[in-house]
Amino acid sequence: MNPRRRFLHLLAGCGFGWGLCGCTFGRFVRRNGSGRVVVVGGGYGGATAARYLKLMNPDLTVTLIEPRDSYLSCPGSNETVAGLKDMSTLVRSYDSLRRELDIKTVNAQVARLDRSRRRAVLTDGAEVPYDRLVLSPGIDFRWDAIEGYDEAASRTVPHAWRAGPQTALLTRQIRTMSDGGVVLITAPPNPYRCPPGPYERASLIACYLKKHKPRSKILILDAKTRFSKQPAFEQAWRELYGDMVEWISSEKQGRLERIDAVARTVETEFDAFRPDVLNVIPPQKAGALAETSGLTDASGWCPIDPVTFASPYDSAIHIIGDACRAAPMPKSAFSANSQAKVCAAAVVASLAGEPPPQPLLINHCYSFVAPDEAISITGVYGYSRNDGQLETRSAGETSPHGDRLREAIYARAWQRNFRTDVFGY
């Protein structure tokens, strides 16, 4: 199918067309004007930005710089940990972006941004010039936030918050744990990538343990006092897993003080734990390139103009996805996808010398609580002229007694459509 026809078909099928994104698609297709746009980072945000830039203006020269030849999806990795999916199902190819939209992909690491000369400088010294740069670097971990837990410690005590070897390590440890063992997951403070992720992980690990090691237990040691989709998660845990999953808030145990990766112990202000499997999800910040390029603030994240996602420190650089500070939007793959479309429209308008459209963004994501049961959350966000920030226009989530079987059917369709919308296949 022709790429443009496929694009229009997809919008109709997905139900999240430009009406929700606040842009008029017809206004941007075949827009006159050209320019060089470099996208750094080929995850859900970066791949969407590259794809939609070309769909909105085929005359643009779009270059996607990403170290890997394909992307390993973090959404879906909890199902891999629970043995419900093979790791190969997480691979996302850039072939469609290259073949059908003539997006140039460069498999390289960006060492630094030469902002004054508008160049992305690669680790081999090569330079890629740009008129506009879209930066989607994802997250990095605050390795100094928890005493005793650094990158070296993560090689034996996995975080599994990036898909790949860490996912495989956590999976192996759960497989080899004895029946009656304890899995302890530490959940970080806000903000962090994928707010419902730790609780979906606990649900799916519980599903595996219920079948294979039914005397085992899962503890979630949380830095927060509440969490995303909490009523629906807790109801599902009670119905599906009895008392196998226990959530412990910071109000009960206090702050997580230190971890001994060798002894596999966790100390809080009020207690100590020695689980059989320890999964530490550390506090997070914007990806390193954003920080070293002077695009972050004291929060560790990148401030942005919510209409264009341009940096206040450099109007030629737009930052999307987990790295940007776009509250009240959560840091999710779908948020990154929505931000990338708004950003692409703003870049196309800017290169044509026109004002950007007013944004209307959406986040919608599902969490599986069992292989065939899921829950979801939705938010719609618009620009507030009163304070110049994004605001929540509407929001909703699965009720504690919602139809989780039907939600799972929707979730599978959502996964397929979302992959096509981002990667084009």
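**Reasoning from values to terms**

Trainee: Why is Asp421 called buried?
Mentor: In this predicted model, the relative accessible area of Asp421 is 0%, and since the term buried is kept for values under 20%, Asp421 is buried.

Trainee: What makes Lys341 and Asp421 a salt bridge?
Mentor: The closest N and O atoms of Lys341 and Asp421 are 2.9 Å apart, which lies within the 4 Å that the term allows, so the pair qualifies as a salt bridge. Lys341 belongs to helix 12 and Asp421 to helix 13, so this pair ties together parts that are 80 residues apart in sequence. Lys341 is buried as well, with 2% relative accessibility.

Trainee: How do you know whether Glu239 is buried, partly exposed or exposed?
Mentor: Its relative accessibility is 45%, and because partly exposed covers what lies between the 20% and 50% limits, Glu239 counts as partly exposed. The partner of Glu239 in a salt bridge is Arg404, at 2.9 Å from N to O; Glu239 sits in helix 9 and Arg404 in helix 13, so the pair ties together parts that are 165 residues apart in sequence. Arg404, for its part, is buried, with a relative accessible area of 8%.

Trainee: What makes Asp222 and Lys224 a salt bridge, and how does each stand against the limit for buried?
Mentor: Their side chains meet at 2.8 Å, N to O, which is within the 4 Å cut-off. Asp222 has a relative accessible area of 4% and is therefore buried, and Lys224, at 7%, counts as buried too, because the limit is under 20%. The whole structure holds 28 salt bridges, and one network of them links Asp114, Arg117, Arg119 and Glu127.

Trainee: What makes the phi of Asp102 worth a remark?
Mentor: Most residues other than glycine have a negative phi, whereas phi of Asp102 is near 60 degrees, a positive value. Asp102 lies in the loop between helix 6 and strand 5, and at 61% relative accessibility it counts as exposed, because the limit for that word is over 50%. Arg118 likewise has a positive phi, near 55 degrees; its place is in the loop between strand 6 and strand 7, and at 32% relative accessibility it counts as partly exposed.

Trainee: Which peptide bonds are called cis, and with what omega?
Mentor: The bond from Asn190 to Pro191 is cis, with omega near -5 degrees, and Pro191 is placed in the loop between strand 11 and helix 8. A cis bond also joins Ala327 and Pro328, where omega is about 10 degrees, and Pro328 lies in the loop between strand 22 and helix 12. Pro328 is also among the residues nearest the centre of the second largest pocket, which contains about 690 Å³ of space.

Trainee: What makes up the lining of that pocket by residue class?
Mentor: The lining has 37 residues, divided into 18 nonpolar, 12 polar and seven charged. Helix 9 and helix 12 are among the elements that each supply at least two of them.

Trainee: How do you know where the model should not be read in detail?
Mentor: Where pLDDT is low, the predicted coordinates should not be read in detail. Residues 1–30 have pLDDT under 50, although the protein averages 93 and 92% of the residues score at least 70.

Conventions:
Residues numbered from 1 in each chain as written. Heavy atoms only, no water. 1 Å grid on protein atoms, 1.4 Å probe; cavity = no way out; pocket = protein on both sides within 12 Å on 5 of 7 lines; lining within 4 Å. Points joined across faces, edges and corners; volume = space filled by probe spheres on them. Helix = DSSP H or I, 4+ residues; strand = E, 2+ residues; numbered from the N terminus. Nonpolar A, V, L, I, M, F, W, Y, C, P; charged D, E, K, R; others polar. pLDDT = per-residue confidence, 0-100. Contact = heavy atoms within 4.5 Å. Buried < 20%, exposed > 50% of the residue type's maximum accessible area, 1.4 Å probe, protein only.
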